[in-house]
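The report below goes through one protein chain, residue by residue where that helps, and then turns to its helices, rings and internal space. Please keep the structure in view while reading.

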Amino acid sequence: MTFLIVTVAWAAHIRLFQVIERIDDTLALLNLACMMLITFLPYTFSLMATFPSYTLGILLFCACVMVIGLIQAMIVLYGFSRPFFLNDQIQMSENQAYYKRRILEVIMRVPIMCLFASIFSFIFIPLSYIILAVVIFLPYISQCLKWIRSKAIGGESKISQHFTLLFLYWIHVFEPLSKERVEAFSDGVYAIVATIISQSEDNVPDPSVVKKEFDNSLIDALQEYGPEYLAYFGSFATVGLLWFVHHSLFLHVTKATRLMGLFNTFSLAFVGGLPLAYQLTHEFPRGSRNELEAVQISCVIIFFAGLFQLAMWVTALFTERETLHPYVRYGGREHAFMLAKLSLYPCVALGTFVFTCVLSRFSTSIFHMMEIGVPFAFLLLRLLVRVALAVIRWLFCPARNDLDIPCESASL
């Protein structure tokens with residue numbers, strides 16, 4: 001939930017500086033204060049998770065969000081007081097006062113809801129958590145309510161021109177999103193996760209232990225860390241390949257949408273759980289019930305990380321003319337290859353989960369085989385897709401195959 005809230009703040013920050021395109025020292029300092037408070041949010045949420053019956057964590061969290069909202073409002077007021085900071089579209093408009101008022105209304109929704117959450121924390125704490133969860137999905141909830149209202153009225157009302165100029169500050173599931181910012185944010189998350197995995201434990205044996213317990217044999221001592229090394233290489237390979245799939249997806253995407261950004265956030269949230277999966281898979285005794293559950297939790301994390309990447313691709317297909325390059329749209333070979341690449345991790349993780357349920361005694365071995373084996377599957381994936389397409393064409397389009405023969409002989 002912390003990750004989702006931070007990404008909501010990040011998305012609001014993007015929209016804010018799409019309206020205010022130029023800054024000075026004052027705006028830079030206000031933005032720095034905003035970033036400082038955003039980095040403090042995970043700590044406040046850790047307090048909420050560690051001490052769920054105490055109100056202090058919720059109060060600190062809500063106070064930070066309210067102050068962030070006030071700083072963003074100050075940025076808007078300062079930016080509109082000097083119109084040359086605004087984007088060209090708003091600069092040339094005669095309705096700057098209207099834009100300022102509406103943008104401030106959008107910005108202040110979240111702080112106001114956090115104010116209610118802090119008040120209800122003194123009365124009924126679970127209700128405060130529900131309000132905070134609503135904050136995350138507020139833009140999408142408001143968009144759904146708007147759609148329902150338009151259908152109930154009997155059609156969308158005609159939107160005036162000055163209303164459409166606020167496009168940057170309204171949320172729509174297929175609204176364009178900065179592709180470069182999404183990629184930069186995602187690359188940062190993958191880099192941090194890989195760093196956490198590589199530094200999560202100190203697997204260098206103590207010299208005194210090597211001398212006493214292993215008769216000064218370093219090789220024997222390192223053998224005790226075999227499962228840890230296997231878990232490390234498997235987890236790092238998983239992070240690297242999920243990043244590779246993400247990178248491949250955005251190579252084919254020309255324009256991202258808000259819904260794609262939402263699915264990307266969910267995928268990154270599960271990617272952020274991979275260090276936990278790495279620790280769990282070698283934390284418990286071999287063959288224990290805890291080890292089996294740890295492996296299954298790891299499978300679930302990998303499954304949803306890959307599934308939301310697949311959801312991004314499916315979402316892009318709904319608006320493929322605007323979001324995808326022509327050569328990866330429906331019907332092409334690259335489309336089939338990309339679909340197979342994105343489906344690989346969800347299918348393999350689901351299969352591994354099923355196998356660990358049936359063969360629980362070998363759960364850890366099966367999981368590590370999956371982690372190490374998937375890279376080799378990626379190397380063979382393009383060949384397998386070509387073979388599968390050829391078989392499907394031979395089974396369902398035999399007439400086309402027969403027509404191809406004379407064409408080839410004539411060309412010879």
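In this predicted model, valine 374 has a relative accessibility of 2% and therefore counts as buried, the cut-off for that class being under 20%. Valine 374 belongs to helix α17, which spans residues 363–396. Leaving out residues up to four places away in sequence, valine 374 touches Leu241, Leu344, Tyr345 and Val348. One of these partners, leucine 241, is 133 residues apart from valine 374 along the chain, yet the two C-alpha atoms are separated by 8.7 Å.

Three further residues can be read in the same manner, beginning with glutamine 72. This residue lies in helix α3, which covers residues 56–81, and with a relative accessibility of 9% glutamine 72 counts as buried. When neighbours within four places in sequence are set aside, the contacts of glutamine 72 are Ala12, His13, Leu16, Cys34 and Ile107.

Alanine 117 is placed in helix α5, residues 96–120, and its relative accessible area is 0%, so that alanine 117 is buried. Apart from neighbours within four places in sequence, alanine 117 is in contact with Ile58, Cys62, Ser128, Ile131 and Leu132. For isoleucine 58 a spacing can be given as well: its C-alpha lies 7.9 Å from that of alanine 117, with their positions 59 residues apart in sequence.

Is isoleucine 123 buried or exposed? At 65% relative accessibility, isoleucine 123 counts as exposed, since the limit for that class is over 50%. Isoleucine 123 is found in the loop between α5 and α6, the latter being residues 125–153. The C-alpha atoms of isoleucine 123 and threonine 55, which are 68 residues apart along the chain, are separated by 10.0 Å.

These residues are set within a protein chain of 18 helices and two strands. Of the 412 residues in the chain, 43% are buried. Among the contacts in the chain with a separation of 6 or more, 79% are accounted for by residues 24 or more positions apart.

Helix α12 can be described in greater detail. It runs over residues 258–271, with 14 residues, and reaches 20 Å from its first C-alpha to its last, close to the 20 Å expected at 1.5 Å a residue. Most of α12 is covered, twelve of its 14 residues being buried; among them are Arg258, Met260, Asn264 and Val271, and also the aromatic residues Phe263 and Phe266.

Aromatic rings connect α12 with another part of the chain. A pair of aromatic rings is described by the distance of the centres and the angle of the planes. The whole structure holds nine aromatic pairs, and two of the pairs are set out in the table below.

| Ring pair | Distance of centres | Angle of planes | Arrangement |
|---|---|---|---|
| Phenylalanine 270 and phenylalanine 308 | 6.0 Å | 20° | stacked |
| Phenylalanine 303 and phenylalanine 304 | 5.1 Å | 80° | edge-to-face |

The pair of phenylalanine 270 and phenylalanine 308 counts as stacked because its planes are under 30 degrees apart, whereas the planes of phenylalanine 303 and phenylalanine 304 are over 60 degrees apart, which means an edge-to-face pair. The stacked pair links distant parts of the chain, as phenylalanine 270 is in helix α12 and phenylalanine 308 is in helix α14 (residues 289–318), 38 residues apart. Phenylalanine 270 has a relative accessible area of 28% and is partly exposed, while phenylalanine 308, at 17%, counts as buried. Phenylalanine 304 counts as partly exposed, with a relative accessibility of 29%. Through ring pairs, Phe263, Phe266, Phe270, Phe303, Phe304 and Phe308 are joined into a cluster.

The internal space remains to be described. Rolling a probe the size of a water molecule over the atoms shows where empty space is left. The count comes to two cavities of 30 Å³ or more, and the second largest cavity holds about 30 Å³ of space. Which residues line the second largest cavity? Its lining consists of Ser235, Thr238, Leu274, Ala277, Phe367 and Glu371. Two or more lining residues are given by each of α11 (226–252), α13 (274–280) and α17 (363–396), and α17 is also the helix in which valine 374 is found. By class, the lining of this cavity has three nonpolar, two polar and one charged residues.

Technical notes
Residues are numbered from 1 along each chain as its sequence is written. This is a predicted model: local features need pLDDT of at least 70, side-chain atom pairs count only at pLDDT 80 or more; totals for chains, interfaces and linings use all residues. Side-chain values use heavy atoms; hydrogens and water are left out. Helices (H or I, at least four residues) and strands (E, at least two) are DSSP runs, numbered from the N terminus. The expected span of a helix is 1.5 Å times one less than its number of residues. Buried means under 20% relative accessible area, exposed over 50%, partly exposed in between (1.4 Å probe, protein chains only). On a 1 Å grid over the protein atoms alone, a cavity is a set of points where a 1.4 Å probe fits but cannot get out, and a pocket is an open set with protein on both sides within 12 Å along at least five of seven lines; lining residues have an atom within 4 Å of a point. Grid points are joined across faces, edges and corners, and a volume is the space filled by probe spheres set on the points. Ala, Val, Leu, Ile, Met, Phe, Trp, Tyr, Cys and Pro count as nonpolar, Asp, Glu, Lys and Arg as charged, and the others, Gly among them, as polar. Rings of Phe, Tyr and Trp (its six-membered ring) pair if their centres lie within 6.5 Å; planes under 30 degrees apart count as stacked, over 60 as edge-to-face and the rest as tilted. Contact means heavy atoms within 4.5 Å.
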